[in-house]
Amino acid sequence: MTTSLDRTANRALTPGLPARSSLTPKTTLAGRLDGAWWPRSRDLAAELPALADALEGHWGRITRVLVNPGHWPVVPHKVAVTGHVLHVGWFTEQDPDKVILLSYTTGRCDLLVIPPETEPASAARLMTAAAVPGSGRTAGALMSGEAATGRRMREARSSEDAWESEGGAAPAHRPHPAAHPVVGARMIALPGRTGR
C-alpha cells in the first residue's frame with residue numbers, strides 16, 4: 001500500500017486553527033496520559049506548530065516530539081514553530097496512539113493521538129477519557145475501548161434499523177388507566193350512603 005501526502009492541501013486547512021486538545025488538570029495524581037490531541041491531518045509539519053503553541057502556557061516551550069511512524073506518512077526531523085525549532089524523533093517501539101512532547105521547563109507530556117478521521121462524538125469521548133487525572137489507562141487501551149464502543153453502537157443502530165424495516169415499531173404510548181374515565185362501569189352505592 002502506498003500512502004501519498006498532499007502537503008499543500010493540509011497546510012491550507014490548518015493555518016490559524018487552534019490545536020484540538022484536552023489536558024489533564026494540574027493535580028498530584030499522576031496518570032499514564034496527560035491528555036489528548038486530535039490533529040486535523042496526518043501531516044506533522046502542518047499540525048505540530050498549533051500543538052506546540054497550545055501547550056506552551058501549560059507545559060512551557062516544547063523542544064522535542066517523539067512519535068511512532070506507523071500513523072504518520074512523513075516524519076520530518078525539524079519543524080519550525082513560533083520562535084524556535086521543534087526536533088522530531090520516532091521510535092517504532094512507542095505506542096502508535098501516543099505522542100511524547102518534551103519541554104525544558106516542565107519535562108514530559110504524553111498525549112493520546114486521536115486519528116484525524118475519527119467521528120466527533122468518538123473523539124469527544126476519547127479526549128475526555130484521556131484527560132482523567134490519575135488514570136492508569138494507556139493510549140492503546142483507550143483506542144481499543146473506543147473501537148469496541150463504536151462497534152456496539154453501530155450494531156445497536158443496525159439492529160434497530162433492521163427491526164423497523166421488518167415492520168417493527170416502538171411501542172405505542174399507552175396512557176395510564178386513571179387518565180381516562182371508565183366507560184360502561186356500574187356505580188354501586190355503598191351502604192349507609194344515599195345517592196344525590
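Asp110 and Arg108 form a salt bridge in which the closest N and O atoms are 2.7 Å apart. Asp110 also pairs with Lys98, here with 3.3 Å between the closest N and O atoms. Through these shared partners, Lys98, Arg108 and Asp110 are joined into one network. The model is predicted. Its chain has 196 residues, of which 36% are buried, and its secondary structure comes to four helices and seven strands.

**The network around Asp110**

- Asp110 lies in strand β7 and Lys98 in strand β6, so their salt bridge ties together parts that are 12 residues apart in sequence.
- Asp110 counts as buried because its relative accessibility is 7%, under the 20% limit for that class.
- Lys98 is buried too, with a relative accessible area of 18%.
- Arg108 has a relative accessibility of 45% and therefore counts as partly exposed, a class that lies between the 20% and 50% limits.

**A salt bridge between two loops**

- The structure holds four salt bridges, and one of them joins Arg42 to Glu117.
- In the pair of Arg42 and Glu117, the closest N and O atoms are 2.9 Å apart.
- Arg42 is in the loop between β2 (35-37) and α2, while Glu117 is in the loop between β7 and α3 (120-130), so this salt bridge ties together parts that are 75 residues apart in sequence.
- Arg42 is partly exposed, its relative accessible area being 24%.
- Glu117 counts as exposed, at 55% relative accessibility.

**Order of the elements**

- From one end of the sequence to the other, helices and strands follow the pattern α-β-β-α-β-β-β-β-β-α-α.
- Helix α4 covers residues 139-165.

**Nonpolar cores**

- The largest nonpolar core has 22 residues, and the members that touch the most others are Trp37, Leu48 and Leu101.
- Two or more residues of this core come from each of α2 (44-59), β3 (62-67), β4 (78-81), β5 (84-90), β6 (98-103) and β7 (107-113).
- Helix α2 gives the largest share of this core, six residues.
- A second core, separate from the largest one, has 12 residues, including Ala123, Met127, Ala139 and Met143.
- Strands β6 and β7, which contribute to the largest core, are also the strands that hold Lys98 and Asp110, respectively.

**A positive patch on the surface**

- Which residues form the positive surface patch? They are Arg151, Arg152, Arg154 and Arg157.
- Arg152 has its place in helix α4.
- Is Arg152 buried or exposed? Arg152 counts as exposed because its relative accessibility is 52%, and the exposed class takes in values over 50%.

**Loop residues brought together in space**

- Pro69 is found in the loop between β3 and β4, and Thr92 is found in the loop between β5 and β6.
- Pro69 and Thr92 are 23 residues apart along the chain, and their C-alpha atoms are separated by 6.5 Å.
- Thr92 and Asn68 are 24 residues apart in sequence, with 5.2 Å from C-alpha to C-alpha.
- Pro69 counts as partly exposed, at 25% relative accessibility.
- Thr92 is partly exposed as well, with a relative accessible area of 48%.

**Pro120 and Trp38**

- Pro120 is located in helix α3.
- With a relative accessible area of 59%, Pro120 is exposed.
- The C-alpha atoms of Pro120 and Trp38 are separated by 9.8 Å, although the two residues are 82 residues apart along the chain.

Note on methods
Residues numbered from 1 in each chain as written. Predicted model: local features only at pLDDT ≥ 70, side-chain atom pairs only at ≥ 80, totals over all residues. Heavy atoms only, no water. Patch = residues over 30% accessible without salt bridge, like charges linked within 9 Å, V, L, I, M, F, W, Y side chains within 5 Å. Areas by Shrake-Rupley, 256 points an atom, 1.4 Å probe, with all protein chains shown as cover. Salt bridge = Lys/Arg side-chain N within 4 Å of Asp/Glu carboxyl O. Lys, Arg positive; Asp, Glu negative; His and termini not counted. Charge placed at Lys NZ, Arg CZ, Asp CG, Glu CD. Buried < 20%, exposed > 50% of the residue type's maximum accessible area, 1.4 Å probe, protein only. Core = buried A, V, L, I, M, F, W, Y, C linked by side-chain atoms within 4.5 Å.
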